[in-house]
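Biologist: I would like to go through the terms used for this model one at a time. Please set each against its definition.

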Amino acid sequence: MRMRKKKHGAERIEACSELLIKDIATLKDGFDGIFDDDTRPVHLEIGCGKGNFAVGMAKQHPDVNFIAMERVADVCCIALEKAMAAKEERSGDNLRFLIGDAKLLADNVRPHSLDCVYLNFSDPWPKAGHAKRRLTHRSFLDIYKTLLKEDGILRLKTDNVGLFDFSLEEFEAYGAQILWMTRDLHQSEKNADNVMTEYEKNFSEKGFSICSAWVKLPK
Ligand SMILES: C[S@@+](CC[C@H](N)C(=O)[O-])C[C@H]1O[C@@H](n2cnc3c(N)ncnc32)[C@H](O)[C@@H]1O
């Protein structure tokens, strides 16, 4: 997501610091002490953008702890401010943000500590030469496999048919099990509980169908 540099970005992020995990390396030992209740399962969204999904999910699922990760600090700033503004709507202290690249997760997060990883409207990187940058490339699946618990799942949403087809091919080549999939999420049985992202709202208003898959990676 491109964005003009925010004025006072660092100060604005600092004002939301109670929701920010400042040092990803602190997650090497797991998530104890991060949320008000350590016993909840932990779900991670990678590439949270402006935060609508994470904020909505944290409100809808008070029994889950959510971490929303975004590599562009100025974009995460908007998500953080949205989450601060909606603080009173959450019944638990169950939402945190991380600024950084997903590649950092491999060496900094405790293995087999996550119950779910979400990839929502990830950058499609349409050029064949950029396939390794796609967040469903097998090198990223290696990271998610390490982070997810044995029964953990990867959940994907995208409007981009090319990225979706590539992802399904990667899942198959990786020996992953597709638990559920659709090429029209908003007409599916899972739509009632669906929390829309900013991109999802935008693309669906323009008439695009949303593809989604729930996947279990092999042991
Ligand atoms: C197309 S936007 C979608 C944003 C949001 N998920 C939505 O659906 O509205 C993709 C976002 O993922 C972030 N992103 C891309 N690659 C990333 C990575 N390797 N690690 C963390 N964030 C990443 C981008 O900065 C961008 O904000």
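Biologist: What makes G162, D165, E169, E172 and A173 of α6 exposed?

Modeller: A residue is exposed if 12 or fewer other C-beta atoms, placed from the backbone, lie within 10 Å of its own, buried if 20 or more do, and partly exposed in between. G162, D165, E169, E172 and A173 meet the exposed criterion, whereas L163, F164, S167 and F171 are buried. This is a predicted model, in which local features need pLDDT of at least 70 and side-chain atom pairs count only at pLDDT 80 or more, while totals for chains, interfaces and linings use all residues. Residues are numbered from 1 along each chain as its sequence is written.

Biologist: How do you know that the buried residues of α6 line one face?

Modeller: Seen down the axis, they fall within an arc of 100 degrees, so they line one face of the helix. The arc is taken from the directions from the helix axis to the C-beta atoms.

Biologist: Why is α6 called a helix, and what span should its 14 residues have?

Modeller: Helices are DSSP runs of H or I with at least four residues, and strands are runs of E with at least two, numbered from the N terminus. The expected span is 1.5 Å times one less than the number of residues. For α6 (residues 161-174) that gives 20 Å, and the end C-alpha atoms are 20 Å apart, which agrees. After α6 comes G175, with a positive phi near 80 degrees.

Biologist: Which strands do the buried residues of α6 pack against?

Modeller: They pack against β5 (148-158), β6 (177-182) and β7 (211-216). Contact requires C-beta atoms, placed from the backbone, within 7 Å.

Biologist: What makes β3 and β6 edge strands?

Modeller: Two strands pair if DSSP finds at least two bridges between them. The open sheet has seven strands in the order β3-β2-β1-β4-β5-β7-β6, with mixed pairing. β3 (95-99) and β6 each pair on one side only. β6 and β7 are antiparallel, with five bridges; Q177 has K216 in β7 as its bridge partner.

Biologist: Which residues touch the most other members of the largest nonpolar core?

Modeller: A nonpolar core is a set of buried Ala, Val, Leu, Ile, Met, Phe, Trp, Tyr and Cys residues joined through C-beta atoms within 7 Å. In the largest, of 47 residues, these are A54, A68, M69, A79, V117 and Y144. Helix α3 (residues 73-85) supplies the largest share, seven residues. A second, separate core of five residues includes L163, F164, I210 and C211.

Key
Contact = placed C-beta atoms within 7 Å.
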